[in-house]
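Thanks for coming. Please have the sequence and the structure open while I talk.

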Amino acid sequence: MGCGNNHNDFRNDSCVCEVVRAIKDIQDNAVENECAECSSCFTEPLGSLVSPTRREPVDTRVFVLSDNEGNPFHAFFNGENNACVSIFFRVEDVFDNCCATLRVLIPGRRESGNFVPVNLINNGKVDLSRVCQVDRFRASNDCITVDLKCFCAVQCIADVNLGICN
């Protein structure tokens with residue numbers, strides 16, 4: 001389950017763990033600054049993944065975790081408009097031996113100026129074509145605790161303002 005590594009070897013943190021820790025630190029130290037030329041999950045400060053014309057403050061780096069076969073990890077949130085599964089997360093805490101508490105983010109799209117949740121599930125599985133419809137996120141009240149050593153990849157999607165700290 002741990003990308004071909006010995007899952008019982010806890011001497012070194014996984015790269016996914018280090019990236020999620022970095023995202024947490026960047027979120028915690030969010031300040032306004034100009035965007036960097038090249039972006040990755042390590043790009044600082046928070047807000048550097050968004051368009052340089054965007055002026056509003058950001059408090060979250062949205063990311064996706066994947067297993068060793070490239071499948072996105074998913075979790076459930078208290079459903080709305082037939083949507084109740086997400087692959088998008090915000091890190092809330094990293095603790096112990098590479099465990100993390102992740103807030104499940106509600107995937108959505110803008111429709112007539114409103115946020116409309118996107119149902120990512122089709123026939124019981126995450127439909128990657130539906131993921132492409134997502135261009136907005138909203139915080140849910142649902143969190144999940146995960147062992148970050150169980151994932152092989154992390155991809156940062158966007159820096160957004162979810163009003164978490166307001």
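I will go from the overall layout to the helix, the cores, one aspartate and then the aromatic rings.

To begin with, this is a predicted model. The protein chain has two helices and 10 strands. Along the sequence, the order of these elements is α-β-β-β-β-β-β-β-β-α-β-β. The chain has 166 residues, and 42% of them are buried. Among contacts with a separation of 6 or more, 63% are between residues 24 or more positions apart. The accessible surface is about 9400 Å², with carbon and sulfur atoms accounting for 44% of that.

Now the helix α1. It covers residues 15-28, which is 14 residues. From the first C-alpha to the last, α1 reaches 20 Å, close to the 20 Å expected at 1.5 Å a residue. As general background, an α-helix has 3.6 residues a turn, so residues three or four places apart point the same way. The buried residues of α1 include Val16, Val19, Val20, Ile23 and Ile26, and Lys24 and Gln27 are also on that list. What do the buried residues of α1 pack against? They pack against three strands: β1 (60-66), β4 (89-95) and β10 (153-160).

That leads to the cores. The largest nonpolar core has 24 residues, and the members that touch the most others are Phe63, Leu65, Leu102 and Leu148. Two or more residues each come from α1, β1, β2 (75-80), β4, β5 (99-111) and β10. Of these elements, α1 gives the most, with five residues. Take Leu148 as an example. Setting aside neighbours within four places in sequence, Leu148 is in contact with Ser14, Val16, Cys17, Val20, Leu65, Cys98 and Ala100. There is also a second, separate core of 13 residues, with Ile87, Leu105, Val118 and Leu162 among them.

Next, Asp159, which sits in strand β10. Is Asp159 buried or exposed? Its relative accessible area is 0%, so Asp159 is buried. What does its side chain reach? One partner is the backbone nitrogen of Gly47, at 2.6 Å. Another is the side chain of Arg61, in a polar contact of 2.7 Å.

Arg61 comes up again with Phe42. Phe42 is in the loop between α1 and β1. Leaving out residues up to four places away in sequence, Phe42 touches Glu18, Val19, Ala22, Ile26 and Arg61. Phe42 and Ile26 are 16 residues apart along the chain, and their C-alpha atoms are separated by 8.2 Å. Phe42 has a relative accessible area of 48%, so it is partly exposed; the cut-off for exposed is over 50%.

Last, the aromatic pairs. The whole structure holds three of them. In one, the rings of Phe88 and Phe137 have their centres 4.9 Å apart and their planes at 65°, so the pair is edge-to-face. Phe88 is in the loop between β3 (83-86) and β4, while Phe137 is in strand β9 (residues 136-147), so this pair ties together parts 49 residues apart in sequence. Both rings belong to buried residues: Phe88 is at 3% relative accessibility, and Phe137 is at 13%. Separately, ring pairs link Phe73, Phe89 and Phe151 into a cluster.

To recap, α1 gives five residues to the largest nonpolar core, and the buried Asp159 has Arg61 as a side-chain partner. That is the end of the talk.

Conventions
Residues are numbered from 1 along each chain as its sequence is written. This is a predicted model: local features need pLDDT of at least 70, side-chain atom pairs count only at pLDDT 80 or more; totals for chains, interfaces and linings use all residues. Side-chain values use heavy atoms; hydrogens and water are left out. Helices (H or I, at least four residues) and strands (E, at least two) are DSSP runs, numbered from the N terminus. The expected span of a helix is 1.5 Å times one less than its number of residues. Buried means under 20% relative accessible area, exposed over 50%, partly exposed in between (1.4 Å probe, protein chains only). Contact means heavy atoms within 4.5 Å. A nonpolar core is a set of buried Ala, Val, Leu, Ile, Met, Phe, Trp, Tyr and Cys residues joined through side-chain atoms within 4.5 Å. A polar contact is a pair of N or O atoms within 3.5 Å; within protein, one must be able to donate a hydrogen and the other to accept it, and residues adjacent in sequence count only if both atoms are side-chain atoms. Accessible areas come from the Shrake-Rupley method with a 1.4 Å probe; for residues, only the protein chains shown count as cover. Rings of Phe, Tyr and Trp (its six-membered ring) pair if their centres lie within 6.5 Å; planes under 30 degrees apart count as stacked, over 60 as edge-to-face and the rest as tilted.
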